[in-house]
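Hi,

Here is the structure I promised to pass on to you. Have a look at it first, and then read on for my notes.

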Amino acid sequence: MNKNILLMVDVVSNEKGVEKEMIFQALEAALASAGKEKYGDESELRVAIDRTTGEYDTYRRWAVLEDDSEDFEYPERQIKLTYAQKEKEDSQPGDVIERKVESVDFGRIGAQKAKQVIVQKVREAERSQIVAAYKARVGELITGLVKRIERGNVILDLGGNAEAIVLRDQLIPREPVRPGDRMRGYLYEVSPQVRGPQLFLSRTSPQYLMELFKLEVPEIAQGLIELKGAARDPGLRAKIAVQAKDKRIDPVGACVGMRGSRVQSVSNELAGERVDIVPWDDNIAQFVINAMAPAEVETIVVDEESHAMTIGVSEDKLAQAIGRGGQNVRLASELTGWALNVMTAAEAEAKKEQENLGVLQVFMDSLDVDAEVAGVLVQEGFTSLEEIAYVPAEELLQIDEFDEAIVEELRNRARDVLLTKAIAKAERAAGATPSEDLLSLNGIDEDTAYALAEAGVANCESLADLATDELLEMLPDLGDERASALIMAARTKAYA
């Protein structure tokens, strides 16, 4: 009986908290490695330790190959089928032939080699256990002690031989960190690594902010308040959207807490980051207005096609609405998911007026009507020929100035124009075709894209190389401002 083996397994298992089976496997690997010094480095050995007595046997192994196999290169661990069948009649290619050989004495194997193999196996087991323990905790807050700082990355000791890393770009800027400090982070990834920490934490993600509010506000944990989203400028400012499931609850007041205690606790954890709590609203325009706080919005124009909004504020509130370095409008845009363009109310009104004039001109040209009829359509909120052609006739008949004959004529003219455009589009499709990047360019419509393709400008790179006057020579109806805007958008997209 080899009591030394059983004793070593018990000691290492108790010290490292690793299953005994893992230690047995490590010892078998160490004994097999030591046996190669006797039978040759190219040989393949298998050691089997009896788990109850500690006795072990060593087997030398050969892989069975076809007689004419081109892979037969290592006779020390390969054997041809003819010879294999002499030892075992039913041997087939791919099988393994084993012969019992003399074992290396456990007490005489290289102590250093045995230790290295065992330590390596134990570390692998420990790291596997850490991955298994934390895999299901992705999305949770993890707390640890700062163990060391390496090249700006912070290593946290979580206890139980587990370490986590907060990468430099996941740390709050200018936050003081010293070894021994207690630090909390959002576990966003568990990645098995051969060396180094396997748990990745973030202190800058919006999810971290949301998880902190879940800790501080019981109503969120109880499901009475729902967190709809968050946006952050780490260490400086953040916005978080909240919605009450119970109308009797004030979601903003609950998150602020008595005398601001709850939101202050979150702010302290984020190195003083200022947090705006925004009421969620199903009406996206109202939600954007809420998100722009503390700035007061006077006008708002929604462009659903481009998923953008133009926001008008008083001139003395413009700086506040934009925020330092565009911070306020940027966070509001991230929170709502809409592109926001802030300007003074006068500028917004002028822009709206300009857009209305453009629609007015389209109606006059396409429908062959005078300014009065086109103006009525614009005033009633119609912005495209498609709306006139396909909305129910009853909606147009509700306009006081229109009767059935006028409505029917307007609808027929709109449909004729759209049909003509559809035919032209089909003809264009058979000829020059713009690339996908040109079709998806911000500010361009399909007709303009095809017109550019017909003129030899079929992608963003070609458009980016043009000067404004060159583009206007091709498409004079664009106008200076739009031509310049298209070229700049193309350059941004082509050279991003």
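Below is what turned up, grouped by the kind of contact or feature. Please keep in mind that this is a predicted model.

Salt bridges first. Side chains of opposite charge can pair when their charged atoms come close. A search of the whole structure gives 24 salt bridges, and here are some that you may like to look up. Glu-98 and Arg-61 meet through their side chains, with 2.5 Å from N to O. This pair links distant parts of the chain, since Glu-98 sits in strand β4 (residues 96-101) and Arg-61 in strand β2, 37 residues apart. Glu-98 is partly exposed, because its relative accessibility is 32%.

Arg-148 and Glu-150 also form a salt bridge, here with an N to O distance of 2.4 Å. Both ends can be placed on the accessibility scale: Arg-148 has 29% relative accessibility and therefore counts as partly exposed, and Glu-150, with a relative accessible area of 31%, is partly exposed as well.

Then there is a salt bridge within a helix. Lys-214 pairs with Glu-211, and their closest N and O atoms are 3.1 Å apart. The two residues are 3 residues apart in helix α5 (residues 206-216), so about one helical turn separates them. What about burial? Lys-214 is partly exposed, with a relative accessible area of 39%, whereas Glu-211 counts as buried because its relative accessibility is 17%, and the cut-off for buried is under 20%.

Some salt bridges share partners: Glu-44, Arg-46, Arg-61 and Glu-98 are joined in this way into one network. The Glu-98 and Arg-61 side chains described above belong to that network.

Now the aromatic side chains. How many aromatic pairs does a search of the whole structure find? The search returns 2. One of them is formed by Tyr-188 and Phe-200, which are tilted, at 6.5 Å centre to centre and with 50 degrees between the planes. Tyr-188 belongs to strand β8 (residues 182-190) and Phe-200 to strand β9 (residues 199-202), so this pair ties together parts that are 12 residues apart in sequence. Tyr-188 counts as partly exposed because its relative accessibility is 29%, while Phe-200, at 13%, counts as buried.

Trp-280 and Phe-287 form a pair too: their ring centres are 4.6 Å apart and their planes lie at 50 degrees, so this pair is tilted. Is Phe-287 buried or exposed? Phe-287 is buried, with a relative accessible area of 1%. Trp-280, at 28% relative accessibility, counts as partly exposed.

On the surface, there is a patch of negative charge where Glu-66, Asp-67, Asp-68, Glu-70, Asp-71 and Glu-73 gather. If you want a landmark there, try Asp-68, which lies in the loop between β2 (56-65) and β3 (78-80). Asp-68 has 66% relative accessibility and so counts as exposed, the cut-off for exposed being over 50%.

Finally, a stop at helix α13 (residues 371-379). Its buried residues are Ala-374, Val-376, Leu-377 and Val-378. Just after α13 comes Gly-381, which takes a positive phi of about 95 degrees.

Happy browsing, and do write back with your thoughts.

Best wishes

Note on methods: Residues are numbered from 1 along each chain as its sequence is written. This is a predicted model: local features need pLDDT of at least 70, side-chain atom pairs count only at pLDDT 80 or more; totals for chains, interfaces and linings use all residues. Side-chain values use heavy atoms; hydrogens and water are left out. Patches are made of residues with over 30% relative accessible area and no salt bridge: like charges are joined within 9 Å, nonpolar side chains (Val, Leu, Ile, Met, Phe, Trp, Tyr) within 5 Å. Accessible areas come from the Shrake-Rupley method with a 1.4 Å probe; for residues, only the protein chains shown count as cover. A salt bridge is a side-chain nitrogen of Lys or Arg within 4 Å of a carboxyl oxygen of Asp or Glu. Lys and Arg count as positive and Asp and Glu as negative; His and the chain ends are not counted. The place of a charge is taken as NZ of Lys, CZ of Arg, CG of Asp or CD of Glu. Helices (H or I, at least four residues) and strands (E, at least two) are DSSP runs, numbered from the N terminus. Buried means under 20% relative accessible area, exposed over 50%, partly exposed in between (1.4 Å probe, protein chains only). Rings of Phe, Tyr and Trp (its six-membered ring) pair if their centres lie within 6.5 Å; planes under 30 degrees apart count as stacked, over 60 as edge-to-face and the rest as tilted.
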